[in-house]
Amino acid sequence: MIRLCNYDWAAKKAQDGDYDGAIALYEALGDYKDSAQKISEVRTMKAQALASTGALDDLQSAAVIYAELGDEASLAATQYQQAALLLQNQQYTDAREIFAALGTYKDAATQLKACDYAIALQKKDAGQLDEAAALLESISGYSDADEQLKIVRYALDSCLHLWVCQNPVSMRY
């Protein structure tokens with residue numbers, strides 16, 4: 001009778017959003033009824049609740065749960081949502097890492113180019129022209145990457161010309 005009460009109590013906790021409390025009760029029940037299955041269900045509910053907040057930390061926590069459950073579809077959706085938020089927050093390197101891992105999921109390849117483009121512009125503005133050029137070359141055809149590449153190459157040529165003019169090579173042997 002006590003086990004049945006705890007089983008019902010766990011279901012009530014899950015319904016009320018106390019996912020950790022429900023999981024603890026189901027775990028304590030061991031092999032009673034379908035407690036093991038209920039643990040997975042409640043963990044899924046917890047991950048869904050976390051992901052629905054849209055907060056980066058919660059999305060990361062949800063992704064961990066989905067990975068542990070082996071729910072690849074929900075994991076990919078959550079990681080995509082996380083990467084999109086990182087991109088929106090101008091955390092391009094972190095967003096790029098996730099979009100790259102997502103491969104062919106939705107438009108991850110296009111979003112990856114958006115990250116590379118933004119990173120290239122940051123490098124251009126920071127004077128890291130060689131790195132900017134390499135990134136822009138890798139995304140040729142995306143947005144105005146080709147035009148930006150021309151600007152970077154012109155700046156590189158100007159820098160090289162200026163350096164040569166300021167540092168003439170001695171012709172003495």
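This report walks through a predicted model of a single chain, from its overall layout down to a few side chains.

**Overall layout**

Let's start with the fold. The chain has nine helices and zero strands, so the pattern along the sequence reads α-α-α-α-α-α-α-α-α. With a radius of gyration of 26 Å, well over the 16 Å that the globule rule gives for 173 residues, the chain is more spread out than a compact globule. The C-alpha trace tells its own story about extent, spanning about 100 × 35 × 25 Å along the principal axes. Buried residues account for 33% of the 173 residues. If you take the contacts between residues at least 6 apart in sequence, 37% of them join residues at least 24 apart.

How confident is the predictor, and what is the mean pLDDT of the chain? The mean is 91, and 91% of the residues reach 70 or more. One stretch to treat separately is residues 164–173, where pLDDT stays under 50. For that stretch the model has zero contacts beyond four places in sequence.

**Helix 3 and what covers it**

Helix 3 runs over residues 35–53. It has 19 residues and reaches 27 Å from its first C-alpha to its last, close to the 27 Å expected at 1.5 Å a residue. Which residues of helix 3 are buried? They are S35, I39, V42, A47, L50 and A51. The cover over these buried residues includes helix 1, helix 2, helix 4 (56–69) and helix 5 (72–88). Right after helix 3 comes G54, with a positive phi near 75 degrees.

From the helix 5 side, T78 is a handy residue to look at. T78 sits in helix 5 and has a relative accessible area of 4%, so it counts as buried. Leaving out residues up to four places away in sequence, T78 touches A51, L59, A62, A63 and Y66. One of those partners, A51, is itself among the buried residues of helix 3.

**The aromatic cluster by helix 1**

A search of the whole structure turns up five aromatic pairs. In one of them, the ring centres of Y7 and Y32 are 5.8 Å apart and the planes are at 70 degrees, so the pair is edge-to-face. This pair ties together distant parts of the chain: Y7 belongs to helix 1 (residues 2–15), while Y32 is in the loop between helix 2 (19–29) and helix 3, 25 residues apart. Are Y7 and Y32 buried or exposed? Both Y7 and Y32 are buried. Add Y26 and you have one aromatic cluster made of Y7, Y26 and Y32.

A lysine joins the scene too. K33 lies over the face of Y7, and a second lysine, K106, lies over the face of Y80; here are the two cases side by side.

| Lysine | Ring | Distance from the ring centre |
|---|---|---|
| K33 | Y7 | 5.0 Å |
| K106 | Y80 | 5.2 Å |

Also in helix 1 is K13. Is K13 buried or exposed? Its relative accessibility is 19%, and because buried means under 20%, K13 counts as buried. Its contacts, leaving aside neighbours within four places in sequence, are D18, G21, A22 and L25.

**Two loop residues with positive phi**

Most residues other than glycine have a negative phi. Q90 goes the other way: it is not a glycine, yet its phi is positive at about 60 degrees. You'll find Q90 in the loop between helix 5 and helix 6, and with a relative accessible area of 55% it is exposed.

K106, the lysine over Y80, also has a positive phi without being a glycine, at about 45 degrees. Where is K106 placed? It is in the loop between helix 6 (92–102) and helix 7 (108–125). K106 is exposed as well, with a relative accessible area of 61%.

K106 also gives a feel for how the chain extends. K106 and S158 are 52 residues apart in sequence, and their C-alpha atoms are 41 Å apart in space.

Terms used
Residues numbered from 1 in each chain as written. Predicted model: local features only at pLDDT ≥ 70, side-chain atom pairs only at ≥ 80, totals over all residues. Heavy atoms only, no water. Phe/Tyr/Trp six-rings, centres within 6.5 Å; stacked < 30°, edge-to-face > 60°. Helix = DSSP H or I, 4+ residues; strand = E, 2+ residues; numbered from the N terminus. Buried < 20%, exposed > 50% of the residue type's maximum accessible area, 1.4 Å probe, protein only. Lys NZ or Arg CZ within 6 Å of the ring centre and 35° of its normal. pLDDT = per-residue confidence, 0-100. Contact = heavy atoms within 4.5 Å. Expected span 1.5 Å × (residues − 1). Rg over C-alpha atoms; globule rule 2.2 N^0.38 Å.
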